[in-house]
Every structure is written in C-alpha cells, then in structure tokens.
Amino acid sequence: MQLGIDAVSENFLRQQRFVNDVSHELRTPLTIIRGYVDLLESYGTSDPEIFKEAVTSIKTSAQNMQNLVESLLFLARADQGRQPLTKVPVDLDELLKKFVEAYNSPRVKVSKFPPCKILADGEFLKKMFAAFLDNALYYSTDAVKIELTTSGDVATLKFIDKGIGIDKEDMGKIFDRFYRTDKARTKIDDRENAVGLGLPIAKWIADRHDIKISVKSKLGEGSTFTLTIPTI
Ligand code: ADP
C-alpha cells in the first residue's frame, strides 16, 4: 500500500501527538513517586506518618500508571486486530443485573430490566458499561439511572446522569483518544486515573458488537449515553 504525502504527514502528526499525550500522562505519577522516594530517603524510617503517606501515594501513582499502560495495550492490540472477542448468546438483562450488583453503589438506580438476548462477549461488554457508568458517577453527584428497554430486534440501554454535562463543541471529540473537556480537567477532585481513554475503548467494543452510541447532553444539566444494541 502506498500512502500519499498528506497521509504520511497526518500519520506523523498523529504519532507525535500520541507520544506527547502519553509522556504528559506519565509525567505526573512519576513526579509524585520521585517526590515521595526523596521524602522517604530523608525522613522515612524516623517518621511513621510520612512513611504511611509516601507508601499510599506511591501505590496510587503506580496503579494509575498501570491503568494507563493497560488501556494503551488494549488499544494497541485493537488497532492491530489482535484483540480477540468470543461472542456467545448472552442474557443482557442478567449481565446488567450482575454488573450493577458488583458496583454496589447506592447512587446507581436501575429500571426493571426486560429479558433480552444478544450475541456478545460478556467481559468486553462489562468493560464498556463500566466506562459509561464510571463517567456518569464521576461527572455528577446525584443518582445515575440505567434503563433498558426492548422493541422489535433492538435493545436500548441508557446511562443517565444529571451532572456537569458536555458542551456542544466538545461533543464530536469525546471519543477521541486522550480528549478531555476543560470542565473535566478543572474538576476540583480530579480523578487521577482519568486520561481520556475510557470512551475510545468503549467505542471500539461497541463497534465490534454493532452497537450504536448516541449522546445527548446539556452543559450544567447532565448527559445521557444511549446504546442501541441488536438482539437475537
Ligand atoms: P475520562 O477518563 O477523562 O473520563 P473518557 O474517554 O471516559 O475519559 O471521557 C472523555 C471525556 O468526555 C471526559 O474527560 C469528559 O470530559 C467527557 N465526559 C464523558 N462522560 C461524561 C459525562 N457523563 N458527563 C460529563 N462529561 C463526560
């Protein structure tokens, strides 16, 4: 395959942006780890409080780096067609029920799930649901609703939050790798492991299952992510 000059420079720019994004995301946890190791070197053994704080922070930063690397490996395998899915008939209502139970969050409210069968890889589906639910919980403080309905040969699954919402201008970009809205970046209790890879991974999983994703959102009022899923 021969690439034109535009495609080559587009590829180069994309790669440059990618390396820039990854380096940027690794810098924060590495700086934290360096800082605490220095602190440990100076006071660690004499002050048990400092020792505890340092170990906790180093552990969290290492976990964040691990999450980042795992997300990157997932996408790299996906890009190279090396991410095998095993699709089998799945009871979506049962899968959702178990998924919500495992979350064990009092903020998650569910509608009554009607019985519904789809062809899917359950583990991948749960990973996709987690991306939507994590975001809904994180970008809002009220209850998050999960609704499942069926009609004809499709199931419609909604994740509804009344949170910070998404600006119209950002809407087309939230599924891009490393994209985070300014509102998300400046959130006071910023989630350290939020790097903007959750939705791209969710989108890849949705595409592999012929699931359509649509988003409705209003700044300051909340967001609804709707999945249209083919049933069997
Ligand atoms: P992140 O790890 O930052 O949550 P995602 O890829 O999951 O990354 O989402 C990309 C961006 O889309 C988020 O940083 C946020 O700006 C926006 N976003 C996603 N879901 C929501 C939501 N439910 N409410 C408000 N903003 C959202």
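1. A term to settle before looking at the interior: a nonpolar core here is a set of buried Ala, Val, Leu, Ile, Met, Phe, Trp, Tyr and Cys residues joined through side-chain atoms within 4.5 Å. With that in hand, the largest such core has 48 residues, and Leu92, Leu125, Met128, Phe129, Leu157 and Leu227 are the ones that touch the most other members. The elements giving it two or more residues are α2, α3 (92-103), β3 (117-120), α4 (122-138), β4 (144-151), β5 (154-161), α7 (198-208) and β7 (222-230). Helix α4 is the top contributor, with 10 residues. As background, nonpolar side chains in soluble globular proteins tend to be buried together. Please keep in mind that this is a predicted model.

2. Now the overall layout. I find seven helices and seven strands in the protein. Reading from the N terminus, the order is α-α-β-α-β-β-α-β-β-α-α-α-β-β. The C-alpha trace spans about 65 × 55 × 35 Å along its principal axes. Of the 232 residues, 36% are buried. Take the contacts with a separation of 6 or more: 71% of them join residues 24 or more positions apart.

3. Leu125 deserves a look of its own. Which residues does Leu125 touch, once those up to four places away in sequence are set aside? The list is Leu92, Leu95, Ile118, Ala120, Ile205, His209 and Ile211. Leu125 is also among the core residues that touch the most other members.

4. On to the aromatics. Searching the whole structure turns up 10 aromatic pairs. One of them joins Phe124 and Trp204, with 6.2 Å from centre to centre and 45° between the planes, so it is classed as tilted: stacked would need planes under 30 degrees apart and edge-to-face over 60. This pair ties together distant parts of the chain, as Phe124 sits in helix α4 and Trp204 in helix α7, 80 residues apart. Both Phe124 and Trp204 are buried. Separately, there is one aromatic cluster made of Phe99, Tyr103, Phe129, Phe132, Phe159 and Phe225. Phe129 from that cluster turns up again among the best-connected core members, those touching the most others.

5. Helix α7 is worth following along its length. Its buried residues are Leu199, Pro200, Ile201, Ala202, Trp204, Ile205 and Ala206. What do the buried residues of α7 pack against? Their partners are α2, α4, β6 (212-218) and β7. The α4 side of this can be seen residue by residue: Trp204 pairs with Phe124, and Ile205 is touched by Leu125.

6. Two backbone spots to check by eye. Just after α7, Asp210 takes a positive phi of about 55°, and this is a residue other than glycine. Asp210 lies in the loop between α7 and β6. Is Asp210 buried or exposed? Its relative accessible area is 52%, and the cut-off for exposed is over 50%, so Asp210 counts as exposed. The other spot is Asn104, again not a glycine, with a positive phi of about 50°. Asn104 is in the loop between α3 and β2, and its relative accessibility of 66% makes it exposed.

7. A few words on Lys109, which is in strand β2 (residues 108-110). Why does Lys109 count as partly exposed? Because its relative accessibility is 43%, and partly exposed covers what falls between 20% and 50%. Apart from neighbours within four places in sequence, Lys109 is in contact with Ala143, Val144, Lys145 and Ile146. If you want a distance to check in the viewer, Lys109 and Ser223 are 15 Å apart C-alpha to C-alpha, with their positions 114 residues apart in sequence.

8. Last, the second largest pocket, with a volume of about 550 Å³. It is lined by 16 residues, and those closest to its centre are Arg14, Gln15, Phe18, Asp79 and Arg177. Sorted by class, the lining has seven nonpolar, three polar and six charged residues. Helices α1 (5-44) and α2 (48-79) each supply at least two lining residues. Which element gives the most to this lining? That is α1, with six residues.

Notes: Residues are numbered from 1 along each chain as its sequence is written. This is a predicted model: local features need pLDDT of at least 70, side-chain atom pairs count only at pLDDT 80 or more; totals for chains, interfaces and linings use all residues. Side-chain values use heavy atoms; hydrogens and water are left out. On a 1 Å grid over the protein atoms alone, a cavity is a set of points where a 1.4 Å probe fits but cannot get out, and a pocket is an open set with protein on both sides within 12 Å along at least five of seven lines; lining residues have an atom within 4 Å of a point. Grid points are joined across faces, edges and corners, and a volume is the space filled by probe spheres set on the points. Helices (H or I, at least four residues) and strands (E, at least two) are DSSP runs, numbered from the N terminus. Ala, Val, Leu, Ile, Met, Phe, Trp, Tyr, Cys and Pro count as nonpolar, Asp, Glu, Lys and Arg as charged, and the others, Gly among them, as polar. Buried means under 20% relative accessible area, exposed over 50%, partly exposed in between (1.4 Å probe, protein chains only). Contact means heavy atoms within 4.5 Å. Rings of Phe, Tyr and Trp (its six-membered ring) pair if their centres lie within 6.5 Å; planes under 30 degrees apart count as stacked, over 60 as edge-to-face and the rest as tilted.
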